[in-house]
Amino acid sequence: MIVKMKPILIPVFLIFLFFSVQKKTESVEVSSIDALVSFFENLSGNLSLSKPVSGWARDSDPCEHNWTGIVCFDQIPSVKSITFESFNLSGTFKPDTICSDTSLAASIVVISLGDNNLVGENLEALAECKKLTHFYVSRNRFSGVIPESLSHLNNLKRLDISNNAFSGPVSSFPRISGLIEFVAQNNRLSGSIPEFDFSNLVNLNVSNNDLSGPIPPGGDLFPAASYLGNPGLCGNPLPNSCETQLPTPPSAAQKSDDRKKDGPNAAEVLMYSGYALVGFGLFLVIVIKLCKKKRTKKPESLVEEGHDTRESKEPYDASETLTFASNEFRSVVMSKSEVFAGNSVESGPVSSSLIVLTSPEVNGLRFEELLKAPAELLGRGKYGSVYKVKCEEHGMMLAVKRIKDWSLGSSDFKSRMKRLNHVKHASVLPVVAFYCSKQEKLLVYEYQPNGSLLKFLHGMPTGQTFDWSSRLGVASTIAEALAFMHDELRQDGIPHGNLKSSNILFNKNMEPCISEYGLMTIDNSDNSPAIDIINNTSQLNPDQIESAFRADIHALGVILLELLTGKPPMVQNNGMDLAKWVVSVVKEEWTVEVFDRALIREGASEERMVNLLQIAIKCVDRSPDSRPSINQIALMINNIKEEDERSLDVSESPFEIRN
């Protein structure tokens, strides 16, 4: 009888077991759902949200019903991240509502609540979410001391608490061994900067707080901008040395007091008197020499009266011209010695040496006019300087590029300029004139007043964004223009050689164009073998020439990464440049973390951003031979652009800035 019942009992038992487990599972899920809904109710406050929100109801499932702001793991139906950026949330962030739930605390790895109006309560409970790796609460109204318990988040990698009102010390955060990003500017933090593992950090910013004391060893891996706005801080990379801020040692102060009480002795009187006599004698000698020099000095003949002809002795950091958020323009006057008159004036008649190539408007422009015209120094870099020159006689604004340390002979230089003049593309800025002597080589362009891609990516005013369709349009235009130039000039061995976002300019119609094509030696920034393609083209074999053009592909890849991330090429200050940083993040399977948050807030297609990212990563491959050809790149980017245009209503204007 028992044997006959087994086929019936077994399925009944399994059904009973299934419903028992299911009931238990549902009870856990209901508990987590209640915790999530309570969490959101605290966040939302009383104001209406700026974006629609779906889900977040106790009778639905966050993973099955795709709650707004919730991302779940693919294989396990559990919450992976909670993201509500720029939703106009005006309530209270209470981490205990979710971190006290065992299931949620064991699954949530990302909490991103930036750009809202939230306040915080019971933040120390966040330490219970031990799996948390990314925590972003910038641009809110959090205040009070940062809880010590946050240092127990051993898995935390990225922490952004900037633009709040947090106060107190930050001494506990170096305990988090895996922390790679700490962004805390514009708060009220005090005390000293702890000794982070700076070699592990890829992003650090503690500017505009109340921190004091010396910057710890290794802190100079980051620029001064990471520390500015803390008057009490000192040490490299800040300009103020800690030695000038240290108090006088007690023993020295005591000795000084003793001297004041007892008065100087005879030996000290004699010593100080000797110093005074020597100093006075040196002063007389200097005055006499200056007077003689002034009497024998001849007046300048090539600089207009009323302009300052003194040569600037102020040191100039070329990096300043690449950071548009800072003062990138310096007003100067082209002095004969500072700019480009120099010995070139002595080499022969200058009036006939300025060769006009393309622009009828500048016909008759003479070299002396460039010398006399008031100018503004736009940038000084590795390969030379660029000036904005106003030629009043012609009613034109020009950009003059002075190239230094270019050993190309005059005849070869002229041939090169004429060859470049014959290859024209609407998106490549042409040289309108050039000047060449043994000592000097100058190139004249029409000045483009709308700035560079570098400016629009990294120096936009607060509240304005460079939208996705415009960025994709720039990528497509530049790739097509570069493909055309490569096809036309490959036999001549003339790549761009110095392609970067500061050399992508916007014309009067806000259309991007490549400037300075073919003027530089190949840069070795991508670890490719350095090739002086300009000076030794005739001696290069086909493989070397191809490698030179592949270097342009790497440079284009970096520009694509700038468009996608919104970060400058050298944002990583621990030796890891932008390309290496992006590759490392993608390897960690946090691809979405590399994208500019402005694009994510805009609602740009993540699929198309990922597709463009894959192209960029191929372009910056360490092996030049593994990089795709420029024609392949242009085709792939154009396909993404066409797909984007089909799915979105794209404005007829090629460029848009959103307030």
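**Exercise 1. The nonpolar cores**

How many residues does the largest nonpolar core have, and which residues have the most contacts inside it?

Solution. The model is a predicted one, in which local features need pLDDT of at least 70 and side-chain atom pairs count only at pLDDT 80 or more, while totals for chains, interfaces and linings use all residues. Residues are numbered from 1 along each chain as its sequence is written, and side-chain values use heavy atoms, with hydrogens and water left out.

Begin with the terms: a nonpolar core is a set of buried Ala, Val, Leu, Ile, Met, Phe, Trp, Tyr and Cys residues joined through side-chain atoms within 4.5 Å. Buried means under 20% relative accessible area, exposed means over 50%, and partly exposed lies in between, computed with a 1.4 Å probe on protein chains only.

The largest nonpolar core has 78 residues, and those with the most contacts inside it are Leu443, Leu453, Tyr517 and Leu612. A second, separate core has 58 residues, including Cys72, Phe84, Phe93 and Phe166. As background, nonpolar side chains in soluble globular proteins tend to be buried together.

Next, take one residue of the 78-residue core. With contact meaning heavy atoms within 4.5 Å, and leaving aside neighbours within four places in sequence, tyrosine 517 is in contact with residues that include Leu420, Val428, Leu482, Ile494 and Phe549. His486 and His496 are also among the contacts of tyrosine 517.

**Exercise 2. The parallel sheet**

Identify the strand order of the 5-strand open sheet, and say which strands stand at its edges.

Solution. Helices (H or I, at least four residues) and strands (E, at least two) are DSSP runs numbered from the N terminus, and two strands pair if DSSP finds at least two bridges between them. The order is E7-E9-E11-E13-E14, with parallel pairing. Strand E7 (143–145) and strand E14 (232–234) stand at the edges, each with a single partner strand, so one side of each is left without a neighbour in the sheet.

At the E14 edge, 3 bridges join strand E13 (residues 210–214) to E14, and serine 212 has glycine 232 in E14 as its bridge partner.

**Exercise 3. A buried strand and its partners**

Describe the surroundings of strand E18 and its pairing with E17 and E19.

Solution. Of the 8 residues of strand E18 (residues 384–391), 7 are buried, so this strand is largely enclosed by the rest of the structure. Strand E17 (residues 375–381) pairs with E18 in the antiparallel sense over 6 bridges, and here glycine 379 stands opposite valine 386 in E18. E18 also pairs with strand E19 (residues 396–403) in the antiparallel sense, over 8 bridges, with alanine 399 in E19 as the bridge partner of lysine 388.

**Exercise 4. Two helices in contact**

Determine how H13 and H14 are oriented to each other, and which kinds of residue make their contact.

Solution. Axes are lines fitted to C-alpha atoms, for helices over the stretch in contact, and angles run from 0 to 180 degrees between N-to-C directions. The axes of helix H13 (residues 606–619) and helix H14 (residues 630–647) come within 10 Å and cross at roughly 170 degrees. Angles under 35 degrees count as roughly parallel, over 145 as roughly antiparallel, 65 to 115 as roughly perpendicular and the rest as oblique; H13 and H14 are therefore roughly antiparallel to each other.

On the H13 side the contact includes Leu612 and Ile615, and on the H14 side Ile633, Met636 and Ile637 are among the residues taking part. For the classes, Ala, Val, Leu, Ile, Met, Phe, Trp, Tyr, Cys and Pro count as nonpolar, Asp, Glu, Lys and Arg as charged, and the others, Gly among them, as polar. The contact residues divide into 7 nonpolar, 2 polar and 4 charged.

**Exercise 5. Backbone exceptions**

Locate the residues with positive phi at positions 139 and 516, and the cis peptide bond before proline 237.

Solution. Most residues other than glycine have a negative phi, and most peptide bonds are trans. Arginine 139 has a phi near 55 degrees, lies in the loop between strand E6 (134–136) and E7, and is partly exposed, with a relative accessible area of 30%. Glutamate 516 has a phi near 60 degrees and lies in the loop between strand E24 (512–514) and helix H10 (542–565); this glutamate is buried, with a relative accessible area of 9%.

The peptide bond from asparagine 236 to proline 237 is cis, with omega near 15 degrees, and proline 237 lies in the loop between E14 and helix H4 (250–262).
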